[in-house]
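Here is a friendly walk through one model, from a single side chain out to the sheet and back to the sulfurs. Have your viewer ready and follow along.

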Amino acid sequence: MADLKALKTQIEKAGLRWHAIENFDPAHWHDILLDGPKRARQIEQVKQMIRNVGEAGIPVIGYNFSIAGVAGRVTGKTSRGNAECVMMEGINEINTAPIRRGMVWNMWYDKPGDGALPVISHEELWRRLERFLEEVVPVAEQAGVRLAAHPDDPPLDRVRQQPRLVNKPELYDRLLAAKPSWHNALEMCLGTIQEMEGGDAVGVVDKYSKGVNMMPYIHLRNVRGKAPFYQETFIDDGDIDVLAVMRVLRKNKFDGVIIPDHAPQMTCSAPWYAGMAYAMGYIKAAMSAVDNGI
């Protein structure tokens with residue numbers, strides 16, 4: 001708690017506001033995801049984390065209820081100007097290999113065990129999520145914290161043989177219905193949404209920002225193609241019409257936060273920073289354009 005408050009003070013002294021903290025460490029909730037023997041203890045730990053975040057005055061926790069996490073993506077110099085970007089080139093051994101015991105989210109929380117994790121059904125994973133929300137959303141309500149769920153990236157039916165939850169845009173409806181509450185919300189990753197079969201980033205933004213905004217914050221990147229064949233692009237160079245997204249958000253009086261997500265890395269001394277600076281500048285310019293009626 002003291003560390004959170006000290007960091008928040010440091011952020012605010014720089015003229016910024018701490019809007020969200022993202023992701024639970026696998027070591028803190030692996031048996032919540034796996035329905036393992038430490039689940040009850042880990043649920044209590046997560047509840048206390050939520051209380052601590054609320055007491056520190058941080059309004060949002062982003063999370064991804066996933067066993068496999070992100071897997072199967074590669075990088076290549078296929079973006080504009082030969083900039084290096086993240087992409088997916090079909091189903092391969094990386095995203096079909098079983099997960100070893102002792103691992104979730106491609107991270108070891110314990111020593112590697114014998115064999116692989118049991119393969120479960122989609123309905124079993126939904127059951128685990130619904131039970132999680134039933135237990136923690138009331139705590140989030142009391143703490144004044146919104147829990148924001150990230151969709152599955154890449155949005156396949158299964159990754160490393162384990163099921164996905166939100167790999168289709170309409171499945172966000174099921175997640176919201178699992179525990180109806182303003183505090184059970186969405187971390188809207190528009191690149192992931194656009195990668196989905198039938199995914200339309202502009203339409204999804206309109207749906208969930210209209211009326212009561214269910215998106216505390218948005219990850220904004222651009223992509224070309226659909227999973228399992230897509231590549232990330234510069235923010236002005238993919239299938240998402242970023243200006244159209246901004247127009248919708250302004251129309252619906254969006255009051256959340258937009259942050260640049262991944263960006264291609266340019267050939268320079270600070271490739272990651274340069275790519276993110278380009279994305280940030282484009283987002284700011286698009287916001288200004290829409291504010292001025294363009």
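A residue counts as buried under 20% relative accessible area, as exposed over 50%, and as partly exposed in between. The model you are looking at is predicted.

**A tryptophan in a loop**

Let's begin with Trp182, found in the loop between helix 6 (171-178) and strand 10 (184-189). Is Trp182 buried, partly exposed or exposed? Its relative accessibility is 46%, so Trp182 is partly exposed. Leaving aside residues up to four places away in sequence, Trp182 touches Arg146, Val212, Asn213 and Met214. Val137 is 45 residues from Trp182 along the chain, and the C-alpha atoms of the two are separated by 9.4 Å.

**The sheet**

Next, turn to the strands. Six of them form an open sheet with parallel pairing, in the order 1-2-7-10-11-14. Which strands stand at the edges? They are strand 1 (20-22) and strand 14 (257-260); each has a single partner strand, so one side of each is left without a neighbour in the sheet. From one strand to the next, the twist averages 25°. At the strand 1 edge, the pairing with strand 2 (residues 60-63) is parallel and runs over three bridges. Within this pairing, Ala20 has Val60 of strand 2 as its bridge partner.

**Helix 9 and its surroundings**

Helix 9 spans residues 242-251, and its buried residues are Val242, Ala244, Val245, Met246, Val248 and Leu249. What do these buried residues pack against? Their partners are helix 7 (190-195), helix 8 (201-209), strand 11 (217-220), strand 12 (222-226), strand 14 and helix 10 (271-291). Asp241 caps the N-terminal end of helix 9, with a side-chain oxygen 3.3 Å from the backbone nitrogen of Leu243. Just after the helix, Lys253 has a positive phi of about 55°.

**The cysteines**

How many disulfides does a search of the whole structure find? The search finds zero. A disulfide is a covalent bond between the sulfur atoms of two cysteines. The cut-off used here for a sulfur pair is within 2.5 Å. The table sets out two cysteines, with the closest cysteine sulfur for each.

| Cysteine | Closest cysteine sulfur | Sulfur distance | Relative accessibility |
|---|---|---|---|
| Cys85 | Cys189 | 15 Å | 3% (buried) |
| Cys189 | Cys85 | 15 Å | 0% (buried) |

Why does Cys85 form no disulfide with Cys189? Because the sulfur of Cys85 is 15 Å from that of Cys189, the pair is too far apart for a bond.

Conventions
Residues are numbered from 1 along each chain as its sequence is written. This is a predicted model: local features need pLDDT of at least 70, side-chain atom pairs count only at pLDDT 80 or more; totals for chains, interfaces and linings use all residues. Side-chain values use heavy atoms; hydrogens and water are left out. Buried means under 20% relative accessible area, exposed over 50%, partly exposed in between (1.4 Å probe, protein chains only). Two strands pair if DSSP finds at least two bridges between them. Helices (H or I, at least four residues) and strands (E, at least two) are DSSP runs, numbered from the N terminus. Axes are lines fitted to C-alpha atoms, for helices over the stretch in contact, and angles run from 0 to 180 degrees between N-to-C directions. Contact means heavy atoms within 4.5 Å. A polar contact is a pair of N or O atoms within 3.5 Å; within protein, one must be able to donate a hydrogen and the other to accept it, and residues adjacent in sequence count only if both atoms are side-chain atoms.
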